[in-house]
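I opened the file and kept notes in the order in which I looked things up. The entries below follow that order.

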Amino acid sequence: MKERKTNPPILIQACAKWFMGVLLAGAALFLPAGTLNFWKAWLLMAVLFLPMLPVGIVLWIKAPALLARRLQGVETRPEQRRIVLLSFLMFACGFVVAGLDFRYGWSRLPGWVSVAFAIVFLFSYGLYAEVLRENAYASRTIEVQAGQKLMDTGLYGQIRHPMYLASVLLFLSMPLICGSVCAFVVFLLYPPLIVRRIQHEEAVLKSELAGYEEYMRRVRFRLLPFLW
């Protein structure tokens with residue numbers, strides 16, 4: 001009964017954040033572009049926001065606690081707060097640059113590139129959803145939750161941070177869907193931020209999550225199989 005009472009506010013909060021995201025992303029893309037006649041931006045908006053609806057509904061029905069953690073989580077560690085802030089600024093600047101690139105024609109890519117990376121984006125979104133399905137403790141913040149168990153099967157049996165791999169693929173696909181090399185250069189700031197976040201997160205997990213140090217020895221690669 002208690003979970004049912006908390007579900008409607010979680011759904012309202014999720015819908016409000018989704019709607020606000022649509023407005024902010026649309027403004028960051030279309031205002032600098034100076035027009036709504038920017039089909040590559042519409043393609044990005046579609047692949048970015050439409051899949052969120054079914055994923056959010058499934059989480060609300062089957063895993064409301066996980067949805068709540070992802071909606072309400074706020075970083076408390078100073079270094080991670082800086083990384084989150086820098087990631088947000090990079091995201092906003094990248095969208096604005098993509099809009100300006102379209103307006104002034106700095107580095108437009110052909111349409112097939114946008115379509116190809118929209119497919120990559122959707123694949124990456126599927127990877128992200130699979131991580132959420134596998135790991136009920138997947139939070140937006142770096143923390144070890146009460147009763148948290150070590151995940152070492154499925155994707156976590158191949159690399160230690162499959163969610164971050166999905167996020168890197170998602171972020172690097174966005175500017176290419178918009179057809180902007182200039183915006184892609186801005187988004188290249190994201191992988192170094194994720195590397196730093198992983199390094200700090202693993203230090204926390206080694207000290208606070210039972211079995212994690214042995215898991216690191218068993219699953220050698222953090223983000224990219226055979227590379228790192």
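**Entry 1: overall make-up**

How many helices and how many strands does the secondary structure of the chain come to? I counted 10 helices and zero strands. I note at the outset that this is a predicted model. Read from the N terminus on, the elements run α-α-α-α-α-α-α-α-α-α.

I then looked up burial and found that 42% of the 228 residues of the chain count as buried. The chain exposes about 12500 Å², and carbon and sulfur atoms supply 69% of that area. For contacts with a separation of 6 or more, I found that residues 24 or more positions apart account for 79%.

**Entry 2: nonpolar cores**

Next I asked which residues have the most contacts inside the largest nonpolar core. They are L29, L44, F95 and F121, in a core of 37 residues. I listed the elements that give two or more residues to this core: α1 (2–33), α2 (39–49), α5 (78–104), α6 (111–134), α7 (162–177), α8 (181–187) and α9 (190–208). The most comes from α7, which gives eight residues.

Apart from this core I found another, of 16 residues, including I10, L59, L205 and M216.

I went back to F121 and looked up its contacts, leaving aside neighbours within four places in sequence. The partners of F121 are V47, L48, L170, S173, M174 and I177.

**Entry 3: helix α7**

Since α7 gives the most to the largest core, I looked at this helix separately. Is α7 mostly covered or mostly uncovered? I found it mostly covered, with 14 of its 16 residues buried.

I also checked its length. At 1.5 Å a residue the 16 residues of α7 should span 22 Å, and the end C-alpha atoms are 22 Å apart, so the two agree.

M163 is a residue of helix α7. I put M163 down as buried because its relative accessible area is 12%, and the cut-off for buried is under 20%. Between M163 and N135 I read 9.8 Å, C-alpha to C-alpha, across 28 residues of sequence. Just after α7, I noted that G179 takes a positive phi of about 75°.

**Entry 4: salt bridges**

How many salt bridges does the structure hold? I found three. As background, side chains of opposite charge can pair when their charged atoms come close.

The pair I looked up to begin with was R160 and E202, whose closest N and O atoms are 2.7 Å apart. R160 lies in the loop between α6 and α7 and E202 in helix α9, so this pair ties together parts that are 42 residues apart in sequence. Are R160 and E202 buried or exposed? R160 is buried, at 4% relative accessible area. E202 also counts as buried, because its relative accessibility is 4%.

E202 has a further salt bridge, with R222, the closest N and O atoms being 3.4 Å apart. R222 is in the segment after α10 (212–218) while E202 is in helix α9, so here the pair ties together parts that are 20 residues apart in sequence. I put R222 down as partly exposed, because its relative accessible area is 25%.

The remaining entry on my list was R218 with E214, where the closest N and O atoms are 3.1 Å apart. Both R218 and E214 lie in helix α10, four residues apart, which is about one turn of the helix. R218 is partly exposed at 42%, and E214 counts as partly exposed at 37%.

Which residues do salt bridges with shared partners join into one network? I wrote down R160, E202 and R222.

**Entry 5: a surface patch**

Last, I looked for nonpolar residues at the surface. F19, M20, L23 and L24 make a nonpolar surface patch of about 410 Å². I took M20 as the residue to check, and its place is in helix α1. M20 counts as partly exposed because its relative accessibility is 44%, and partly exposed runs between the 20% and 50% cut-offs. Helix α1 is also among the elements that give two or more residues to the largest core.

Technical notes
Residues numbered from 1 in each chain as written. Predicted model: local features only at pLDDT ≥ 70, side-chain atom pairs only at ≥ 80, totals over all residues. Heavy atoms only, no water. Core = buried A, V, L, I, M, F, W, Y, C linked by side-chain atoms within 4.5 Å. Buried < 20%, exposed > 50% of the residue type's maximum accessible area, 1.4 Å probe, protein only. Contact = heavy atoms within 4.5 Å. Patch = residues over 30% accessible without salt bridge, like charges linked within 9 Å, V, L, I, M, F, W, Y side chains within 5 Å. Areas by Shrake-Rupley, 256 points an atom, 1.4 Å probe, with all protein chains shown as cover. Salt bridge = Lys/Arg side-chain N within 4 Å of Asp/Glu carboxyl O. Expected span 1.5 Å × (residues − 1).
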